[in-house]
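Thanks, everyone. I will keep this short and go through one structure, sheets and then helix packing. Please have the viewer open.

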Amino acid sequence: MSIRLKTILGVALIEAILLLLLVTMTLDYLRSTNYDGLVKRASTTATLFATTSKDAVLSYDLASLEAFVREVMKNPDLTYARVLGPAGEIFAAAGQAEALSLAFSADQTVEDVDDGVFDTYAEIVESGVVYGRVEIGLDISTLTAKIDEAKNWSAIIASIEMVLVALFSFILGAYLTGQLNVLTRAAKTIASGDLKVEVPVRGKDEIAEVALAFNSMAVNLSDASAHRDKIENELIELNRSLEDRVMERTQALRQKNEQLVQANQEIKNTQAKLLHSEKMASVGVLAAGVAHEINNPIGFVLSNIKTLEEYLKTYQTLLAAYEKLEEVEDLEKRKAMLAKIRAYAEAQDLEFIQDDIGELLSDSIEGTERVRDIVQGLKSFSHVDKTDAFALCDLNESIESTLKMANNELKYHCTVHKELQPLPKTQCRAGQINQVLLNLIMNAGQAIEGSGEITVRSAQIDDHIEISVTDTGKGIPADVIEKLFDPFFTTKPVGEGTGLGLAISYGIVKDHNGEIVVESTPGEGSCFTLRLPVVTEAVYDEVALLN
């Protein structure tokens, strides 16, 4: 669809809508005004007729009523008029016989009229008593004809205006499209590569200004094209001279990149060694306590074994006696030997030995399992980190194993409370998380002077796991909290801490896309909260790949 046709249709549509609204509003106003005037006129005429006829009705002066009716009929457009008595009897009437013969039905508005006559009435009232009424009918055909005539003239005027607007739109559209066609041809010429084009300028309107701007653009494009060609030639020459320098620079960058890769690998190796060293330091702190923990079960296992050895000797003696008894055939000697065997069994309390053997074995198994758990815990904390790959782990199990490791360091001055909620398994490096938990729990124990309490909580909150370690220790000053995770920063005396525990823990947690939050009140205690995302899918194991 061309712009000219769009212009004609658009302007015509707008004009049609506006004219329709204007004509509709005007006709509605004309109709309502005339209809209201007719209703008011009919009401006034009926009321005046009733007032004039009241005395004649009261005195039954029928001659006067006939005169009054003929007088009322002189009003223009009045179709009929009549006066009725209190019982509905007709005292006087005049007008069209057809209208008088129809049953009277009062109209409230002109829209209610269905026979071309607006019917209304007025009651004849004296002292509140109705003595009759007058009825009149007004012909609305004249009014309807005037309204129809107004509609016709409005339609004629609107049609003429539509034609004029369409003609003007056609002329304007033809002018605009003609100028646009000129600009289009000029634009296509420029697009083909010919920048020596000029659009003729006619008049001083906006189209002329567009033509001037187009000519200016063409000149600027021509100048820019020449300048571009010049720059392209210069760039070609410059590119030729830069190729060698780019190759040299690329080689230098390649060497730098190799050096960076090597340095990064050395940093990773150093970081792994540092992580392992800190873990060994943590294990060293626990060594004395672990030795004591192992000595206790080993002691009572050894004692049980010695007792079992004595019980074994008793059974061996009885077994040898019974073997000798089988070789004796003399009945008296057999009775004598059997009596000695029974006496020996009673002296050794064989019944007690039989009951005690089961308990000794059960205690010994429990003790060796305790030693096994302690050794396994040490192994999980001390193995080399490069074998510690991401795997699905239950962090509640990590908490339990870490508390077992730290038990000897805590049990003499700390009461440990566990509030562990069921957790989903998540991908993590279990050994590294154990190291973080051990560091937090040992720090909590060292923060308590005298006796106190440590509470370890775990819970799943949305898509994260939260593990908190809360102590009732001396707390941490606000200015110290900001430095807790700085490498080599420590509040412990010289020789008792490296200042790397929390820094390494912070790095481990960051590698797991988690965070550590610290809240502390001096004199009341501290709370370290470890937040880790729940990850159920396999994680890319960078450490294992590099090694």
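I will take the two sheets in turn, then two helix contacts, then a pair of rings.

One caveat before the details: this is a predicted model.

Start with the five-stranded sheet. The sheet is open, its pairing is mixed, and the strand order is 6-8-9-11-10. Which strands stand at the edges? They are strand 6, residues 414–420, and strand 10, residues 515–521. Each of these has a single partner strand, so one of its sides has no neighbour in the sheet. From one strand to the next, the twist averages 15 degrees.

Inside that sheet, look at strand 8, residues 452–461, and strand 9, residues 464–471. The two run antiparallel and are joined by eight bridges. One residue pair to click on is alanine 459, whose bridge partner in strand 9 is glutamate 466.

Two helices pack on this sheet. Helix 9, residues 430–447, touches strand 6, strand 8, strand 9 and strand 11. Its direction makes about 25 degrees with that of strand 9. Helix 8, residues 395–410, lies across strand 6, strand 8, strand 9 and strand 11, the last being residues 525–533. Relative to strand 6, helix 8 runs at about 175 degrees.

Now the other sheet. Four strands make an open sheet with antiparallel pairing, in the order 2-1-4-3. Strand 2, at 90–95, and strand 3, at 117–126, are the edge strands; each has a single partner strand, so one side of each is without a neighbour in the sheet. On average, and ignoring direction, neighbouring strands here are turned by 15 degrees against each other.

Strand 1, residues 78–84, pairs with strand 4, residues 129–139, in the antiparallel sense, over six bridges. Within strand 4, glutamate 135 stands opposite arginine 82. Helix 2, residues 62–72, packs on this sheet and touches strand 1 and strand 2, with its direction at about 25 degrees to that of strand 2.

On to helix against helix. Two packed helices are described by the angle between their axes and the distance between the axes.

For helix 8 and helix 9, the angle is about 40 degrees and the axes are 9 Å apart. That angle makes helix 8 oblique to helix 9. The crossing is right-handed. On the helix 8 side, the contact includes Leu395, Ile399, Leu403 and Ala406, and on the helix 9 side Ile433, Leu437 and Ile441 are among those met. By class, the contact residues divide into 10 nonpolar, five polar and one charged.

Helix 9 also meets helix 11, residues 501–511: their axes come within 9 Å and cross at roughly 140 degrees. The pair is therefore oblique as well. The passage of helix 9 past helix 11 is a left-handed crossing. Contact residues include Gln432, Val436 and Leu440 from helix 9, and Leu502, Ile504 and Ile508 from helix 11. Here the division is six nonpolar, six polar and no charged.

Last item, the aromatics. How many aromatic pairs does the structure hold? There are two. One of them joins phenylalanine 104 and tyrosine 121, with ring centres 6.2 Å apart and planes at 80 degrees, so the pair is edge-to-face. Phenylalanine 104 sits in the loop between helix 3, at 97–101, and strand 3, while tyrosine 121 is in strand 3, so the pair ties together parts 17 residues apart in sequence.

That is the tour.

Conventions: Residues numbered from 1 in each chain as written. Predicted model: local features only at pLDDT ≥ 70, side-chain atom pairs only at ≥ 80, totals over all residues. Heavy atoms only, no water. Pairing = 2+ DSSP bridges. Axes fitted to C-alpha atoms, helices over the stretch in contact; angles between N-to-C directions. Contact = heavy atoms within 4.5 Å. Parallel < 35°, antiparallel > 145°, perpendicular 65-115°, else oblique. Left-handed = near helix turned anticlockwise from the far one by under 90°. Nonpolar A, V, L, I, M, F, W, Y, C, P; charged D, E, K, R; others polar. Phe/Tyr/Trp six-rings, centres within 6.5 Å; stacked < 30°, edge-to-face > 60°.
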